Amino acid sequence: METTNLTTLAKVAFSNESAAVELMTRLRWPNGVACPRCGGADPYKITPKAQPGRPARRGLFKCSACKKQFSVTTGSVFEASHVPLSKWLMAIHLMSASKKGMSAHQLHRMLGTTYRAAWFMMHRLRLAMDSNMGVFARLTGVVEVDETYIGAKNKRGTKRGRPGLGSHKTPVLALVQRGGRVRAFPMERVTSANLNAAIKTHMDPNATMMTDDFAAYKSTDHADHQTVNHSSGEYVRGSAHTNTAEGFFSLLKRGINGSFHHVSKGHLHRYVTEFEFRYSNRLALGVNDSQRTEKIILGAEGKRLTYKKRSSHRAA
Ligand SMILES: [Zn+2]
């Protein structure tokens, strides 16, 4: 695929539906269109029949092997959406470029869709950003592990320290590789057992782990583990600190407080995924805006988010 062509195409694709379909097709199948059902590599383009009351299907193909029809959105988070692909591309661009995240209200105004459509689009795109559903290399080097609490505002505004038992806040754990990517997700309870499971899944066994001296971290069984004694007022001792993790949390919290006025517990993981994606694919790591857009489109494949799968959000 020629990069200059792609850039030109991307510019017109926000306002031109057939350019958007062409761009999506080229991003999804850089080596030629293949049937998502049987893998058949010899499909041919067909022209959709306009049916009364239903929009014509976009980028439609018929597989010469299994004889089934498919489109550029078949088997992806865009499937069965009535929103034009040009608006989807715009939404992807806006979400991948906005550091603090944007609200569904902002997106609905910018795209001219309904609020409900914008809200649902954003959740589908967060699913496309979810690296848990793909291959994710473990974090290496120096990895800071820390947790924050999201939920009702703390009246006294204490930043340090952990809420007591009976708190309605949800812990979000982050493992941040210094100078690298982050893995972050809500955790039901911050216990040594849960921490050990997360550490084993997301962190290389040879990584150096930095945490504070919270008891649950102290009793994890990672070999190379350094702690900083927050409980005695110590925040940095040489290279032992968790400032990188705290930087990630402050981005996440500003986003949640500023753009998403209330985030229900059932959807929190999707918002966290969005921040994890942008942080792990930031410019400092060599990923630019259009590469982020491309990653979201590639991540959209093989994932579906339907109304049934959504957690208990009342249809907006
Ligand atoms: Zn086929």
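Arg28 sits in helix H2. The model it belongs to is predicted. Start with this one residue, then move outwards.

**Arg28 and its contacts**

Is Arg28 buried or exposed? Its relative accessibility is 10%, under the 20% cut-off, so Arg28 counts as buried. Its side chain makes polar contacts with backbone oxygens. One is the oxygen of Val72, reached at 2.7 Å. Another is the oxygen of Thr74, which the Arg28 side chain reaches at 2.8 Å.

**The zinc site**

Which residues coordinate the zinc ion? They are Cys35, Cys38, Cys63 and Cys66, each through its SG atom. The distances run from 2.3 to 2.4 Å. The angles among the four donor atoms are 100 to 119°, and the site is tetrahedral. Along the sequence, the donors follow the spacing C-x2-C-x24-C-x2-C.

Where do two of these donors lie? Cys35 is in the loop between helix H2 (17-28) and E1, while Cys66 is in the loop between E2 and E3. The pair therefore ties together parts that are 31 residues apart in sequence.

Their surroundings can be compared with the cut-offs for burial. Cys35 has 3% relative accessibility, so it counts as buried. Cys66 has a relative accessible area of 26%, which means that it is partly exposed.

What about disulfides? A disulfide is a covalent bond between the sulfur atoms of two cysteines. The count here comes to zero disulfides.

**The sheet E1-E2-E3**

Strands E1, E2 and E3 form an open sheet in that order, with antiparallel pairing. Strand E1 (44-45) and strand E3 (69-71) are the edge strands, and each pairs on one side only. Strand E2 covers residues 60-62, and three bridges join it to E3. These two strands run antiparallel. Which residue stands opposite Phe61? It is Phe70, in E3.

**Strand E7 and its neighbours**

Strand E7 covers residues 208-212. Five of its five residues are buried, so E7 is largely enclosed by the rest of the structure. Both of its faces are covered. Thr208, Met210 and Asp212 are buried on one side. Met209 and Thr211 are buried on the other.

E7 pairs with E4 and with E8, as the table shows.

| Strand paired with E7 | Bridges | Direction | One facing pair |
|---|---|---|---|
| E4 (residues 142-150) | three bridges | parallel | Val142 and Thr208 |
| E8 (residues 225-228) | four bridges | parallel | Gln226 and Met210 |

In the E4 pairing, Val142 stands opposite Thr208 of E7. In the E8 pairing, Gln226 is the bridge partner of Met210.

**Helix H9**

Helix H9 spans residues 268-280, a run of 13 residues. How far does H9 reach from its first C-alpha to its last? The distance is 18 Å, close to the 18 Å expected at 1.5 Å a residue.

Twelve of the 13 residues of H9 are buried, so this helix is largely enclosed by the rest of the structure. The buried residues include Leu268, Tyr271, Val272, Phe275, Phe277 and Tyr279. Arg270, Glu274, Glu276 and Arg278 are also among them. Thr273 and Ser280 are buried too.

An α-helix has 3.6 residues a turn, so residues three or four places apart point the same way.

Terms used: Residues numbered from 1 in each chain as written. Predicted model: local features only at pLDDT ≥ 70, side-chain atom pairs only at ≥ 80, totals over all residues. Heavy atoms only, no water. Expected span 1.5 Å × (residues − 1). Buried < 20%, exposed > 50% of the residue type's maximum accessible area, 1.4 Å probe, protein only. Pairing = 2+ DSSP bridges. Disulfide = S-S within 2.5 Å. Donors = N, O, S within 2.8 Å, 3.2 Å for Na, K, Ca; no water. Tetrahedral: all angles 85-135°; square planar, octahedral: opposite > 155°, others 65-115°. Polar contact = N/O pair within 3.5 Å; in protein donor to acceptor, adjacent residues only side chain to side chain.
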